[in-house]
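This report concerns the helices and strands of one protein and the way they pack together.

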Amino acid sequence: MVKKNTQQELDKLVEKFLKEDWSEKALGALEADYKEIFNIFPDPLLILDPETGAIVDTNDKACKLLKYTHRDLITTSFGSLSCGEPPHTEVEALRWIRKGFFEGPQTFEWVAKDRENKLLWVQIDIQRFVLKGKDRILAAIQNIIKRKRTVEVMLESDKKFQSIFVHMVAACCFYEIVYENGQPVDYRILDVNPSFERITGISKSAAVGALGSKLYGTGEAPFFDVYSRVAETGRPASFEAYFAPIGKHLHVMASCPEKGKFFTVFTDITERKKAEETLQQSEEEKTILNQIANIFLTTTDEKMYQRVLAVVLPMMGSKYGIFDFIGDKGELIMHNLTGDVWNECQVPNKSHFFPSDAWGDSIWGRAIREKKSFYLGGPFRTPEGHIHIDCFLTVPIVFGQQTIGLISVANKEGGYREEDQELLERISNNISPILNARLQRDRLEQERKKSENEIKEREEELTAIYDNAPLIMLLVDDNWTIHKTNVFTAQFVGTTIANMVNRRCGEALHCAHACDISEGCGFGPSCKECAVRLTILNTIETGISHREEEVKMSFPDMGNQREATFLISTKKLLIREQPLALVSMQDITERKQMEEGLKKGQEQLYQAQKMKSLETLVAGVAHEINNPINSINLNARLLENIWEDFMPVLKNYAANKPLKKYEGLPYDFIKENLGQILKDINLAANRIIKIVTDLKNFAHPSDITDKKPINLNNAVKNALRLIQSTVKESGVHLALSLENNLPLFDGNYPSMEQIILNLTLNALQAIYHSHGKIEIATGFDKQKEELFITVSDNGHGIDPAIADRIFDPFVTNRQAEGGTGLGLSITYNLVNAHNGKITFETAKGKGTTFKISLPLSPNKKLSKILIVVDDKKIRDLLKNLFDFGTKRHFQVQEAANGTEACIKLGTFRPDLLILDLLMPEMDGLEVCRVIKKQPELANMKVIVLTGFPEHPKAEQVAVIGFTNICVKPFKPEELMRLIDRLLKVNDNVMMARNSAS
């Protein structure tokens with residue numbers, strides 16, 4: 001076996017050569033480094049030519065071992081160092097070299113001979129690497145003569161050991177540690193004696209060769225921490241433990257004969273342990289029963305149940321427990337779970353109370369009804385969110401002939417035994433009379449409290465009717481000072497009754513005008529005309545009552561004033577000869593707002609109806625305009641043709657009468673301009689036709705379900721064409737940033753145009769200054785596979801008061817400018833109809849940005865390609881080809897080696913893998929083997945790149961089923977044709993992608 005540190009140093013040496021920069025400048029420094037490493041390396045080293053086996057270089061330790069000079073050794077070959085006896089021949093040596101070159105690192109034992117023809121047993125580790133641009137083999141040699149002799153001595157002593165091993169009364173077992181990545185993870189049984197079979201009940205054939213984690217069915221190797229420490233450190237260990245898989249107590253001694261291996265001798269001490277436990281349990285049981293009795297006597301509240309559980313659970317070796325009692329109505333009351341159970345349980349609508357009709361066939365329900373204990377060993381199928389239960393033991397608490405409670409325990413490691421059930425039943429029998437007395441006392445106490453509570457509730461009910469009347473109620477004097485108020489008033493203000501009494505009415509109610517001046521209520525400029533104050537004073541002075549008169553008050557609200565509307569009623573009272581006014585005020589602010597909102601809604605509905613009529617009018621006008629425009633268009637073309645035919649005639653005529661004018665225009669002017677005039681008429685007619693068509697499309701409601709592949713940029717341009725004159729007149733600068741080569745998506749053209757129109761017009765209306773700017777951008781998020789549109793303005797921003805409702809119908813703060821509040825609501829619905837999402841960001845005085853995200857349809861998803869090439873230049877060339885060199889749209893990721901590729905295969909899941917064959921670390925052949933073993937990657941297509949198609953690995957790749965091989969250098973168009981064929985890109989999709997660009 002290769003020493004771990006030697007192998008690690010060998011790997012580091014090869015890694016250094018592999019990663020070295022072999023430029024001319026670095027060669028000298030590398031030569032010195034590499035010689036230094038050879039000289040300090042702890043083992044003899046040879047560098048070999050993989051073709052001939054010739055020794056290219058060596059270190060001093062190899063020369064010393066083989067008794068050659070450096071010069072003599074590099075003139076010979078690796079094969080000539082063999083002893084010559086099969087299988088240690090020169091031919092076989094060359095075969096090992098070739099195997100290391102083509103199949104990876106190799107380790108083998110060999111009989112070599114030194115220069116004096118003395119035979120040497122050696123272990124050789126060979127590994128392929130590149131040195132100065134040439135393939136080489138690095139061979140590390142270890143002298144194993146001592147190890148071979150040790151094995152022979154061990155074989156002699158093994159016979160004596162086997163005799164003792166077989167006849168021992170104690171169980172004996174020999175193990176070796178199993179390592180992964182240099183760390184101990186398990187152990188394997190190498191041999192057992194007959195006593196092992198007798199004590200464990202496991203046969204030698206089943207044990208030998210088995211892993212500790214598998215043999216006993218425990219999922220992990222028993223006592224692994226102890227055993228691995230013994231095998232690693234060589235220090236013996238001795239311990240006693242209960243071994244659940246065989247149900248026995250064992251005394252175990254472990255020792256280490258050599259590193260990585262250990263030997264155990266164990267005896268069965270179960271009977272001795274049982275005797276000790278029986279004596280100990282008897283003493284513990286007496287102590288526990290005394291503790292429980294003391295808890296019942298000293299604890300007066302429900303914590304008594306939890307304290308009892310705290311005593312019982314450790315003795316039962318249980319993680320969870322429940323101590324329940326039966327209520328007056330026969331229900332099971334579970335107030336008394338183990339402290340952390342209630343928090344750990346995530347079952348929705350959980351309850352402490354379980355009526356008898358809800359018990360069903362549960363084991364605790366059966367325990368109550370049948371008055372006997374039940375045990376289940378699990379595993380249990382518990383509801384989602386319930387704590388995990390491995391095993392469960394429940395025992396009823398019976399007094400006389402009636403079950404009065406239940407005590408249950410759960411999740412004892414290794415499960416419960418018969419003696420556990422008997423112990424819990426004894427505890428239950430001792431608890432029974434004490435619990436019964438406690439429950440009787442609690443019932444009497446509850447009845448007394450119930451009577452007291454009923455009396456108190458009647459008193460509170462009368463007070464509550466007055467205090468919680470749903471009105472502001474005040475008793476006010478002629479100085480407008482409050483003498484009495486109710487709870488509702490204090491809650492309305494957000495203070496206490498005590499803070500309101502003896503204060504002036506406006507101050508107590510937090511009137512905005514009272515808060516504005518230091519003198520307080522009644523002294524502000526608005527106080528003289530305060531309707532509330534005048535109404536109250538009028539009642540006190542004249543005795544006239546007022547009934548539900550509408551008044552208004554202002555309240556401070558985040559730096560502004562909020563106005564509220566009340567119905568005030570007043571009546572004069574004489575209390576202790578002092579005239580007072582009884583005032584009630586009903587807040588009708590929301591009702592007034594609803595009335596106003598309804599009125600505005602009616603107006604907006606009327607406006608919407610007018611818009612509908614306008615749509616009908618536009619459609620009719622468009623129809624009327626089309627007929628004369630068609631005539632103009634046709635006649636203009638006819639006149640163009642006539643003019644071309646008439647030009648020679650007019651030319652001859654003008655030659656005879658050069659001074660003749662036609663409608664006041666000379667011949668030269670007509671010759672130069674009339675043809676263009678006729679063309680301008682035709683262009684103007686076509687422009688009118690385009691405008692009328694756009695108006696008709698806008699006015700006519702489209703069927704949102706009528707979707708087809710559309711280009712988002714075209715929809716933006718068409719929508720802006722309709723309002724180009726409006727934008728121009730506004731003086732607002734409109735900037736477009738439309739991303740090229742957007743994929744098509746299934747959408748409704750008129751609806752998308754309306755979305756863009758609504759957002760653009762909203763942006764125009766939000767700008768009140770002279771430097772207005774609107775930016776409209778489109779793009780594609782490859783990660784989310786979503787198109788997006790953003791419309792940004794530098795206007796005044798959205799009012800925070802309506803920001804959370806702007807997509808609701810009829811919500812607007814521009815009623816005075818004719819706003820209906822329907823634009824954003826319609827936009828929101830149209831976006832939803834495209835399975836999209838609309839969001840916005842706004843800042844007061846800085847503007848607003850709306851963003852619309854539109855997901856691609858499932859059949860328009862991008863093909864995913866993973867490029868795995870170690871040469872970054874080739875990776876960049878391929879990635880640029882997919883990103884910019886084609887009109888196709890792919891989602892592309894890249895990896896620099898096979899290891900990175902295997903990681904991304906599990907997360908990215910490409911449709912196509914472009915894979916370089918020859919790479920350092922993990923090459924293309926190894927990646928193909930990984931793919932072959934994964935059924936979930938069966939549909940993935942693979943293109944293998946190689947500049948060496950005759951290489952053996954290229955043949956192996958083809959043999960295992962990967963036949964799409966592209967030879968470097970390749971033409972991009974040929975590669976794309978192969979990709980299209982593999983991904984089955986049909987002509988229709990290709991045409992759609994091309995049109996999208």
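The text below treats the overall content, two sheets and one helix pair.

The model is predicted, so that local features need pLDDT of at least 70 and side-chain atom pairs count only at pLDDT 80 or more, while totals for chains, interfaces and linings use all residues. Residues are numbered from 1 along each chain as its sequence is written, and side-chain values use heavy atoms, leaving out hydrogens and water.

The protein contains 32 helices and 35 strands; helices (H or I, at least four residues) and strands (E, at least two) are DSSP runs, numbered from the N terminus. Of its 997 residues, 41% are buried, that is, under 20% relative accessible area with a 1.4 Å probe, protein chains only.

Two open sheets are compared in the table. Two strands pair if DSSP finds at least two bridges between them.

| Strand order | Strands | Pairing |
|---|---|---|
| 25-27-28-30-29 | 5 strands | mixed |
| 32-31-33-34-35 | 5 strands | parallel |

In the mixed sheet, the edge strands are strand 25 (733–738) and strand 29 (837–843), each pairing on one side only. Neighbouring strands of this sheet are turned by 10 degrees against each other on average, direction ignored. Strand 29 runs antiparallel to strand 30 (residues 847–855), with 7 bridges between them; Ile 838 has Ile 852 of strand 30 as its bridge partner. Helix 26 (residues 823–833) packs on the sheet and touches strand 29 and strand 30, contact meaning heavy atoms within 4.5 Å. The direction of helix 26 makes about 140 degrees with that of strand 29; axes are lines fitted to C-alpha atoms, for helices over the stretch in contact, and angles run from 0 to 180 degrees between N-to-C directions.

Helix 25 lies across strand 27 (773–781), strand 28 (786–793), strand 29 and strand 30, at about 25 degrees to strand 28. Helix 25 (residues 749–765) also packs against helix 23 (residues 712–722), at an angle of about 55 degrees and with the axes 8 Å apart. Helix 23 is therefore oblique to helix 25, a class for angles outside those under 35 degrees (roughly parallel), over 145 (roughly antiparallel) and 65 to 115 (roughly perpendicular). Residues of this contact include Leu 712 and Val 716 of helix 23 and Met 752 and Ile 756 of helix 25.

In the parallel sheet, strand 32 (890–895) and strand 35 (965–967) are the edge strands. Strand 31 (residues 863–868) and strand 33 (residues 912–916) run parallel and are joined by 4 bridges; Val 868 is partnered by Leu 915 of strand 33.

How values were computed: Buried < 20%, exposed > 50% of the residue type's maximum accessible area, 1.4 Å probe, protein only.
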